[in-house]
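These are notes for a colleague who is opening this entry for the first time. They go through it point by point.

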Amino acid sequence: MDKITVENMNLHYGDFHALKNVNLNMGEKEITAFIGPSGCGKSTLLKSLNRMNDLVPGCKIDGKICLDGEDIYDKKMDVNRLRKRVGMVFQKPNPFPMSIYDNIAYGPRTHGVRNKAKLDEIVERSLRQAAIWDEVKDRLKKSALGISGGQQQRLCIARALAVEPEVLLMDEPTSALDPISTSKIEDLAIELKKDYTIVIVTHNMQQAARIADKTAFFLLGQMIEYGNTEKMFSMPEDPRTEDYITGRFG
Amino acid sequence: MRKQYDEELENLHNLLVEMGNLCQEAIFMAAHILQEENPSKEAVDEKEKAIDKKEREIEQLCMHLILRQQPVASDLRRIGAALKMITDMERIGDQAADIADLSRFISGKEKQGESEGHLWEMAQATVKMVTDSVTSFVNNDYELALQVMKSDDTVDTLFEKIKKDIIDMIRTQQVEAEGSLDLLMAAKYFERIGDHAVNIAEWVEYSITGGHENKED
């Protein structure tokens, strides 16, 4: 079943045509990877999926992006509710300068959860889901800035999970991490797809091959090819995809 | 870490053991059929088809692992070795079917004498070689792989004995030449099965040591 559908989508930053007539359907509880060289539009598309581009001056979008069939750019759409349903994790871990506990409790508190026992339960569940509970359970009141980069990134994933989203957007979530932390995040993504729909932007093609069910290849604002990851990495249909994934350009 | 990868590697081991078991069954069935009065080779043909299917399944899993997991070091050697091993196992299935096919042309006369016992010994020896070679891969057991390589001499010796038996029988005109040649070919197929088991063991050696130190050219 499709969770997100993108139909005839065009995005302009002022005069610059950043995404050109993109069409793709992303399956529920699947991992979809966006790959392509820098400036191809993959992060722009990712940010459009929870309307992060609304904040960019001069950004104009036409076409349709639907979440469960509902147009997210419809005037009636509550953007705060949308971002609760579609969480995001960024390239560089960005914990808030507060305790580990408060980082996780921040979102639920914003959405009105005040009960201490309930917050404790959310914090533990989120940290467990993000596979970091055992590493931080004895220092929940310590600053989140004191843990390693890899742990900070899993904390940010836990923070995103705390508000019980349906979709998790990940923008190059491991590009600032060492191989062991990268491996942990990849394992985590595979585990999380049992409950969540995940869309990941990655510069690392091997990462897409390892974890994604579907992969989309972008070039100069166009989506060149989209489909089953194994098919794309073994028998790509477009010669431009073949050239990119075999390292012949990009 | 890399839980899914480890599970898939475990699955590869299981599939190789299953393919090894199918080979073992095919060899034993072929050996039995050779002893029967009115042999029917359908059962061995079925096993051969199952072996071919298993080869495709393992091949696909190896390609999937290479593509998805980008194996390096010992993992790369193991997956590479598995891909080579299944070609030998597939040939074992073919040769068991060939033995079963030949059984239709070999009469009771040719099988009399010592040949029958020697053929049965060859079947047992080759089954053990195939089983041990796959086990040595799964358990990373270099010593067992070396034993498989050495035990090929036993099979070769048995083949020479059968050849001598047949020559004696032809010389004394106890048997027809045609049926005797078919019997010799059956023995040769058993001998080839032993060679395939040695090839498997040599790939086990490669997967463990990274080289083919004991390969005979």
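1. Which residue takes a positive phi in the hairpin of β4(A) and β5(A)? The model is a predicted one, and in it the residue is A:Asp68, with a phi near 50°. Two residues lie between the strands of this hairpin. Strand β5 of chain A covers residues 70-71 and runs antiparallel to β4(A), to which two bridges join it. Within that pairing, A:Leu67 is placed opposite A:Glu70 of β5(A).

2. The hairpin belongs to an open sheet of four strands in chain A, with the order β2-β1-β4-β5 and antiparallel pairing. The edges are taken by β2 (16-27) and β5 of chain A; each has a single partner strand, so one side of each has no neighbour in the sheet.

3. The other pairings of the sheet both involve β1(A). Strand β1 (residues 2-13) of chain A pairs with strand β4 (residues 59-67) of chain A over eight bridges, in the antiparallel sense. To place this pairing on the sequence, take A:Asn10, whose bridge partner in β4(A) is A:Asp62. β1(A) is also joined to β2(A) by eight bridges, again antiparallel. Here A:Ile4 stands opposite A:Met26 of β2(A). As a general point, side chains in a regular strand alternate between the two faces of the sheet.

4. On annotation, UniProt has an unreviewed entry that places the feature "domain: ABC transporter" at residues 4-245 of chain A. Over residues 4-245 the chain is 37% helix and 27% strand, with 25 Å between the end C-alpha atoms. For chain B, the UniProt annotation is "domain: PhoU", also from an unreviewed entry, and it covers residues 16-101 and 120-204. Residues 120-204 of chain B are 91% helix and 0% strand, and the end C-alpha atoms of this span lie 27 Å apart.

5. How many residues does each chain bring to the contact? Chain A gives 17 residues and chain B gives nine residues. Between them the two chains bury about 1,000 Å², of which 49% is on carbon and sulfur atoms. In chain A, the residues that lose the most area to chain B are A:Asp187, A:Arg210 and A:Glu230, which together make up 48% of what that side buries.

6. Six residue pairs are in polar contact between chain A and chain B, counting pairs with both residues at pLDDT 80 or more. On the side of chain A that touches chain B, the elements giving two or more residues are α7 (179-192), α8 (205-211) and α9 (229-234) of chain A. Of these, α7(A) gives the most, with six residues. By class, this side of chain A has seven nonpolar, four polar and six charged residues.

7. The count between chain A and chain B is one salt bridge. The partners are B:Arg68 and A:Glu230, whose closest N and O atoms are 3.5 Å apart. In general, side chains of opposite charge can pair when their charged atoms come close.

8. Over all chains the count comes to 37 salt bridges. One of them joins A:Glu124 to A:Arg128, with the closest N and O atoms 2.9 Å apart. Why are these two separated by about one helical turn? The reason is that A:Glu124 and A:Arg128 are four residues apart in helix α4 (residues 116-129) of chain A.

Note on methods. Residues are numbered from 1 along each chain as its sequence is written. Chains are lettered from A and ligands numbered from 1 in the order in which they are written. This is a predicted model: local features need pLDDT of at least 70, side-chain atom pairs count only at pLDDT 80 or more; totals for chains, interfaces and linings use all residues. Side-chain values use heavy atoms; hydrogens and water are left out. Contact means heavy atoms within 4.5 Å. Buried area is the accessible area (1.4 Å probe) that two parts lose on being put together, summed over both. A salt bridge is a side-chain nitrogen of Lys or Arg within 4 Å of a carboxyl oxygen of Asp or Glu. A polar contact is a pair of N or O atoms within 3.5 Å; within protein, one must be able to donate a hydrogen and the other to accept it, and residues adjacent in sequence count only if both atoms are side-chain atoms. Ala, Val, Leu, Ile, Met, Phe, Trp, Tyr, Cys and Pro count as nonpolar, Asp, Glu, Lys and Arg as charged, and the others, Gly among them, as polar. UniProt positions are given in the numbering used here, feature names are shortened, and annotations may be inferred rather than shown by experiment. Two strands pair if DSSP finds at least two bridges between them.
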